[in-house]
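Me: I would like to learn how to read charged pairs and packing in a model of this kind. Could we begin with a single acidic side chain and work outwards from there?

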Amino acid sequence: MAYVDQFAFQGTGTSLRQRLARLLETPFDRRYRQRTAAIKALRAKSDADLAAMGLTREDIVSHVFSNRSVL
C-alpha cells in the first residue's frame, strides 16, 4: 500500500511526473529522499560548521544512517 502525501500537488515548479511519484511514494521512498536531502545538506556545510557539530566529512553518511541527524 502506498503512502499518500496530501501535499504532493502543492509544489510549484514540479512536473506532473514528480507530483504523481510523490503521491504514490512509499514510506521507504520517503525515508530515502529525506536521507539523501540530509546528506546533501551536510555536504554543503563548511569544514568548520561540521567540526562545530562534531563531524568530519567522512562521518556524514554514517551519521545520517544512524538516525542521529538533526538539521
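Reply: Let us start with Glu-25, which lies in the loop between helix 1 (16–23) and helix 2 (27–44). Please keep in mind throughout that this is a predicted model.

Me: Is Glu-25 buried or exposed?

Reply: The general idea is to compare the relative accessible area with a cut-off, and a residue under 20% is called buried. Glu-25 has a relative accessibility of 5%, so this residue counts as buried.

Me: Which residues form salt bridges with Glu-25?

Reply: In general, side chains of opposite charge can pair when their charged atoms come close. Here Glu-25 meets Arg-30 in a salt bridge with an N to O distance of 3.4 Å, and Glu-25 also forms a salt bridge with Arg-33, where the closest N and O atoms are 3.0 Å apart. The side chains of Glu-25 and Arg-33 are joined by a polar contact of 3.0 Å as well.

Me: How accessible are the two arginines, Arg-30 and Arg-33?

Reply: Arg-30 is partly exposed, its relative accessible area being 22%, and Arg-33 is likewise partly exposed, at 31%. The buried residue Glu-25 is thus paired with the partly exposed Arg-30 and the partly exposed Arg-33.

Me: How many salt bridges does the structure hold in total?

Reply: There are three, and the one not yet described is between the side chains of Asp-47 and Arg-57, at 2.8 Å from N to O. Asp-47 lies in helix 3 (residues 47–52) and Arg-57 in the loop between helix 3 and helix 4 (60–65), so this pair ties together parts that are ten residues apart in sequence. Arg-57 counts as partly exposed, with 35% relative accessibility. As for partners that are shared, salt bridges join Glu-25, Arg-30 and Arg-33 into one network.

Me: Turning from charge to packing, which residues make up the largest nonpolar core?

Reply: The idea is to look for buried nonpolar residues whose side chains are joined to one another. In this structure the largest such core has seven residues, namely Ala-38, Ile-39, Leu-42, Leu-50, Leu-55, Ile-60 and Val-64. Helix 2 and helix 4 are the elements that give two or more residues to this core, and helix 2 gives the most, with three.

Me: What does the overall fold come to in terms of helices and strands, and what share of the protein is buried?

Reply: The secondary structure consists of four helices and zero strands, and the order from the N terminus on is α-α-α-α. Of the 71 residues in the protein, 17% are buried. The accessible surface comes to about 5600 Å², and 57% of that surface belongs to carbon and sulfur atoms. Among contacts between residues at least 6 apart in sequence, 26% join residues at least 24 apart.

Me: In which helix is confidence lowest, and in which is it highest?

Reply: The general caution is that where pLDDT is low, the predicted coordinates should not be read in detail. Confidence is lowest in helix 1, with a mean of 88, and highest in helix 3, at 96. For the protein as a whole the mean pLDDT is 83, and 76% of the residues reach 70 or more.

Key: Residues are numbered from 1 along each chain as its sequence is written. This is a predicted model: local features need pLDDT of at least 70, side-chain atom pairs count only at pLDDT 80 or more; totals for chains, interfaces and linings use all residues. Side-chain values use heavy atoms; hydrogens and water are left out. A salt bridge is a side-chain nitrogen of Lys or Arg within 4 Å of a carboxyl oxygen of Asp or Glu. Buried means under 20% relative accessible area, exposed over 50%, partly exposed in between (1.4 Å probe, protein chains only). A polar contact is a pair of N or O atoms within 3.5 Å; within protein, one must be able to donate a hydrogen and the other to accept it, and residues adjacent in sequence count only if both atoms are side-chain atoms. pLDDT is the predictor's confidence in each residue, from 0 to 100. Contact means heavy atoms within 4.5 Å. Accessible areas come from the Shrake-Rupley method with a 1.4 Å probe; for residues, only the protein chains shown count as cover. A nonpolar core is a set of buried Ala, Val, Leu, Ile, Met, Phe, Trp, Tyr and Cys residues joined through side-chain atoms within 4.5 Å.
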